[in-house]
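Q: I am new to this structure and would like a close look at one part of it. Could you walk me through the place where the two domains meet, and then show me what surrounds it?

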Amino acid sequence: MSRTSKKPRTRPKMADLADKYALYRLAVQDPEHEVQEFLRFYKDQFGRRPTRLREDFCAAAAVCCEWVKLGREYAAVGVDLDPEPLGYCRRTYLPKLSATEQLRVRLLQQDVRTCDVRADIIAAQNYSFFIFKTRAGVLEYFRQVHRCLADEGIFILDMMGGGAMQDEQISESRQVGRPTSEDKLQPPFRYVWEEASFDPITHDVLFHIHFRFPDGSALERAFSYDWRLWTMPEIRELLEEAGFSQSHVYWETEDKKGEPSGKYRRATRGRPDQAWLSYVIGVK
Ligand SMILES: C[S@@+](CC[C@H](N)C(=O)[O-])C[C@H]1O[C@@H](n2cnc3c(N)ncnc32)[C@H](O)[C@@H]1O
């Protein structure tokens, strides 16, 4: 090679420039909607507005940052073991809040099972408590939540299930378009939710999230979750055992075409859908 020849300049791939937390938020989170749902669930139970939120397994604490925008009396605490997403929140989400809003968000790097922060609502979203694979583990966590809730307090969990979840190698994939507002630096991408394995004896389930880009690059296994697929009756029984006086299920309604509507109503009977998502509320 001649001494004068130049190395071809390699353009960075889209995946090299991507921000996995921003992609995660675009693909699977809707903090504004979550906050409105939390207010509604609480109002259904107690007929008033709560002010103190604890977001367990908060990762980058997107819901906390939305909660404090409700007004001066609203405060939020996010709890997560992992310093990386908490640092992301401090660098990326908190600076977008006003100075007084920032003061009303507290982030704790801690195990949710030892956290004693009191709140009107304690929420564990995106199935995060599935990390606890034994009854004893779930019960320990639920008891701690029960102790920390205000006398008029609710615990909000989300759950998923259905026949398709017990099928190995299923995956859901959808295109996420070019975002508009704060995440405009992220390219369009394909979000892939892969169920890599399911064991019908233990209900151990392994999920991966991948992000794939139009230039062929990808963030494979950007997030992985080694969980137990709990069932609704198991979880409601564990809530009762932990001391919750009632539990309610908010089941997704159907639109006029019989498709999932994205709206959730209290229900005592569900439909045997192949894949369903729902909220479960434990009342102190
Ligand atoms: C599925 S992500 C949750 C993301 C977020 N809650 C959401 O709604 O998208 C699970 C999070 O739980 C955290 N985590 C796992 N075990 C934990 C524990 N025992 N205590 C606190 N955080 C934990 C992980 O670090 C990870 O950030």
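A: Here is a guided look at the meeting place of the two domains, followed by some of its surroundings. A word on the model comes before that: it is predicted, local features need pLDDT of at least 70, side-chain atom pairs count only at pLDDT 80 or more, and totals for chains, interfaces and linings use all residues. Residues are numbered from 1 along each chain as its sequence is written, and side-chain values use heavy atoms, with hydrogens and water left out.

Let us start with the two domains. Domain 1 covers 20-161 + 231-283, while domain 2 covers 163-227; such bounds come from an automatic or database domain assignment. Their C-alpha centres are 21 Å apart. Contact here means heavy atoms within 4.5 Å, and 22 residues of domain 1 are in contact with 24 residues of domain 2.

The size of an interface is often given as the accessible area lost when the parts come together. Buried area is that loss, found with a 1.4 Å probe and summed over both parts. Between domain 1 and domain 2 about 2,000 Å² is buried, and 70% of this is on carbon and sulfur atoms. On the side of domain 1, Leu 23, Leu 26 and Lys 133 lose the most area to domain 2, together 29% of what that side buries.

Lys 133 has a charged partner as well. Its side chain meets that of Asp 204 in a salt bridge, at 3.3 Å from N to O; the term stands for a side-chain nitrogen of Lys or Arg within 4 Å of a carboxyl oxygen of Asp or Glu. Between domain 1 and domain 2 there are two salt bridges. The two domains also have five residue pairs in polar contact, with both residues at pLDDT 80 or more. A polar contact is a pair of N or O atoms within 3.5 Å; within protein, one must be able to donate a hydrogen and the other to accept it, and residues adjacent in sequence count only if both atoms are side-chain atoms.

Which elements build the domain 1 side? Those giving two or more residues to the side that touches domain 2 are helix H2 (20-28) and strand S5 (149-161). Helices (H or I, at least four residues) and strands (E, at least two) are DSSP runs, numbered from the N terminus. H2 supplies the largest share of this side, nine residues. By type, the residues on this side of domain 1 are twelve nonpolar, five polar and five charged. In this count Ala, Val, Leu, Ile, Met, Phe, Trp, Tyr, Cys and Pro are nonpolar, Asp, Glu, Lys and Arg are charged, and the others, Gly among them, are polar.

Now look along H2 itself. Its buried residues are Tyr 21, Ala 22, Leu 23, Tyr 24, Arg 25 and Ala 27. Buried means under 20% relative accessible area, exposed over 50%, and partly exposed in between (1.4 Å probe, protein chains only). Asp 19 caps the N-terminal end of H2, with a side-chain oxygen 3.0 Å from the backbone nitrogen of Tyr 21.

Helix H5 (residues 83-93) is a neighbour of H2: the buried residues of H5 pack against H2, helix H4 (62-67), strand S2 (75-80) and strand S3 (105-109). Among those buried residues of H5 are Pro 85, Leu 86 and Tyr 88. At the start of H5, a side-chain oxygen of Asp 82 comes to within 2.9 Å of the backbone nitrogen of Glu 84.

Strand S5 deserves a stop too, for it holds Asp 158. Asp 158 counts as buried because its relative accessibility is 9%. Its side chain reaches the backbone nitrogen of Asn 126 at 2.7 Å, and a polar atom of the Asp 158 side chain also lies 2.7 Å from the backbone nitrogen of Tyr 127. Leaving aside neighbours within four places in sequence, the residues in contact with Asp 158 include Phe 129, Ser 278 and Tyr 279.

Finally, back to charged pairs. The structure holds 14 salt bridges. One of them joins Glu 234 and Arg 228, whose closest N and O atoms are 3.2 Å apart. Glu 234 is partly exposed at 26% relative accessibility, whereas Arg 228 is buried at 17%. Returning to Lys 133, salt bridges that share partners join Lys 133, Asp 204 and Asp 226 into one network.

Note on methods: Buried area = accessible area lost by both parts, 1.4 Å probe.
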